[in-house]
Amino acid sequence: MNDVVLVARDLRRSFAAEGEVVCALRGVDLRIERGESVAIVGRSGAGKSTLLNLIGALDRGYEGELRVFGQELKSLQDRELARFRNRQIGFVFQSFNLLPHLSVGENTMLPAYFGSRLDEGETRRRAHQLLADMGLDERFDHPPMQLSGGERQRIAVARALLLEPPLLVCDEPTGSLDAKTAEEILLLITGLQQRHGTTIVVVTHDPQVAARAGRIVTLDRGRIVPEAA
Amino acid sequence: MNVRRLIGLVARNLRQSRVRALLAMIGIVVGTGLLVFFIGLGQGLRERVLNRIFPVNQLEIEPRAVQVFGTEQHVGQEPLDDSRVAQVARLPGVTRAFGKQKSSFPARLWGGKELIGYNLFTEAFFDGMPVAMVRRELEEFEDLPAKLRTAARRKPQRCDVDLDCAPGSTCRDAACGAVVYAERFDESTAIVLPCASDVECVGNATCLAGHCTPRTTAGLSTAESPQRCLLPLPAGNGRDLEFANEVGVLAHACVEAAGIDGWCKTPGKTCPPQQYCAADHPDTVLGWCEAPLPAVLNPLLLEVYNSDMAHSLGGVPIASVAALYGIRFHVALGDSYFSQDAARVRQQFKQAILVGFSRKAPELGVALPLGLVRHFNARYRGPDAARSYDAVLIETRDNETIPQVVAGAESLGFQLSRKSRAARTFGTVVLVVSLALILLAGVVLAVAATQIAQTFAMLVHERRREIAILRAIGAAQRDVAVLVLGEAAVIGAVGGLLGALLARAAALAVDAAAHALLQHVPLVPEGFFVFPWWSELLAVAVALLFCTAGALGPSRRASRLDPATVLAQS
């Protein structure tokens, strides 16, 4: 079994902005193994979110090489890429990104709506189980806007895990939470990594969050800062 | 994404944006409503107005005329006889063709006392029609199959005369049976056709003993000779005989009139059942036992009477044509309210009985069997007047073949009759107006589609983050486009159905208003609208089409949103 989750070689990404070309990534080399937890840190504008979007297969306008689970992402068509995201990657965002007009349960089940082979019964069973694990099963039919920030982020985590993806991509997962709730979410995520061997990539500004990761990758002006010997 | 989940998401999205969705739907509802309304109106005008006045698949043609000083003249043409009618019948698309002869002699009629309490008097115009041309329609109007079924269910009853049978039944072959009026419209009806010479007899008949007698291959007809009878002597002077004739059924006078023995075939008996004593001319009490003239009217006459005449004449409206069967009226042939056209000894006062209704009958006249009109034309206008037809009535296979039939008829030297020309003009006007109104509905729908486009462009902009989230968790571009188009389709389907309902409601309102305001206007139908079964389907289909077309651009833009950019911005 291949234990390499991600390989990036000379990964570059640039954007055109107001007539100028801005290079967000300037040749990133990165390798992540199965079951690793990696924190990507760096100052604002260092290219963290750009790297995360590329790893999460949301963006394929890169140069260089980027293989996730052995798949060169820029070679995939839109449908293949969507299916790849659906089955291989779970997203946790800073601002939760729940759909306000869907219930807690529906938000949790949402990934199963797209390209999943799970039937309605199994989807519902998994959603109940995940929400029960998060202590939120009784909120299944509630609108998410009635819940606290921590509860919403737990729902976002449950949604990300519904299809049991091998890679969890988190963008400032505790950025909108108070310290206590942030700690709860971090425990939840690290617990997952330990229980299921899920590979986790976290972008964060928070040193405490980064400290929980097995490896810290620091970005500066689009390049990875070499680790101190 | 499976359909059930798609519908669930679409429903929730629409619930979230219900105000915008409803506003966007207004245009679609109005557009499809107008579309269905105008389709129903156009179809209704064709079926309930046009086809009632001018029956479908039917044309009337006449020899081509030339305009001479503003009048139509038939100059130098071969007579319209059976061979030319047969030529027309052979035209592609023609199922049947019949010659029709109009009366060219003066006549007047009076009657109606049973209906309104006094007689109405008018000039009379007749169309002579072949029995085969109208028989089917007569049976349909009389609802003959139902009538015969009802009669068959009755207990068999023997009889000698009609009075032995229940009302509505007649004695035939010593058994009571249903009265069938349609079969009385027959060339061989026992009507005595007086004549002075052979030229007054048409077909194979010859003038014998003062009346036309059919000639067979073996000689003269062996049919029973007509029976002589006497009318009761008038109370006043000779002119009052006209009124004496009204009670001509009192033919037993034949028996009581002493001194003229031998005129009655069987002294002591009246004329046979269903016959009356018709005087030879207005100034005599000597007559022949004969059946009344079998008359057929156009059912539009009843509508004209009900809508206008009943009110102004002080009568009551007549519920249906069924109430008029068997009603008798009086006809004076060779006489006119405008001139004394024929000598009184040549005039004939006869009774007529209403035996049916046909849309082929003249709107302001009476249809009689062709042979009778030909005979009267020969008697009063000479043999030439009886030889040729005035028009040919054509039944076509369907409406689509009519242009082909018209072209064929024109190549044979015919033109459409004034009535058929009016029908085509009216039909064209209805079609053009319907199309124009449907076009208007199309414009409204096009405007509605732009409204849908704007609404969805706005919705897509508002939901950029939501779309990006869906893309992040696995929605493909196509899934996003289908989601947006699905919402537009639901708006379209619901809008189309509401539009169809709105059209139905508006049609009911218009019909109710027309009923209240136009009750004394003739030929106003019960309803102006006929909605084809497919009108609701069309409404939904058109609404779907315009809504999805309107949402196509926004759905493409939604599907092409870059999730990374949108999520970064949010």
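**Exercise 1. Which residue follows α4(A), and what is the sign of its phi?**

Solution. Gly135(A) follows α4(A). Its phi is positive, near 75°. Helices here are DSSP runs of H or I with at least four residues, and strands are runs of E with at least two, numbered from the N terminus. This is a predicted model: local features need pLDDT of at least 70, side-chain atom pairs count only at pLDDT 80 or more, and totals for chains, interfaces and linings use all residues. Residues are numbered from 1 along each chain as its sequence is written, chains are lettered from A in the order in which they are written, and side-chain values use heavy atoms, without hydrogens and water.

**Exercise 2. Describe helix α4(A): its span, its start and its buried side.**

Solution.
- Step 1, span. α4(A) runs over residues 120-133, which is 14 residues. From first C-alpha to last it reaches 20 Å, close to the expected 20 Å. The expected span is 1.5 Å times one less than the number of residues.
- Step 2, start. Asp119(A) caps the N-terminal end. One of its side-chain oxygens lies 3.2 Å from the backbone nitrogen of Gly121(A).
- Step 3, buried residues. Thr123(A), Arg126(A), Ala127(A), Leu130(A) and Leu131(A) are buried (under 20% relative accessible area, 1.4 Å probe, protein chains only).
- Step 4, one side. These residues cover an arc of only 130° around the axis, so they sit on the same side of α4(A). The arc is taken from the directions from the helix axis to the C-beta atoms. An α-helix has 3.6 residues a turn, so residues three or four places apart point the same way.
- Step 5, cover. What covers them includes α3 and α5 of chain A, together with α1 of chain B (contact: heavy atoms within 4.5 Å).

**Exercise 3. Classify the ring pair Phe105(B) and Tyr380(B), after a pair in chain A.**

Solution.
- Step 1, rule. Rings of Phe, Tyr and Trp (its six-membered ring) pair if their centres lie within 6.5 Å; planes under 30 degrees apart are stacked, over 60 edge-to-face, the rest tilted.
- Step 2, chain A. Phe91(A) and Phe93(A) have centres 5.6 Å apart and planes at 0°, so this pair is stacked. Phe91(A) and Phe93(A) are buried.
- Step 3, chain B. Phe105(B) and Tyr380(B) are 5.7 Å centre to centre, with 35° between planes: tilted.
- Step 4, reach. Phe105(B) lies in the loop between β4 and β5 of chain B and Tyr380(B) in helix α10 of chain B, so the pair ties together parts 275 residues apart in sequence.

How values were computed
Buried < 20%, exposed > 50% of the residue type's maximum accessible area, 1.4 Å probe, protein only. Polar contact = N/O pair within 3.5 Å; in protein donor to acceptor, adjacent residues only side chain to side chain.
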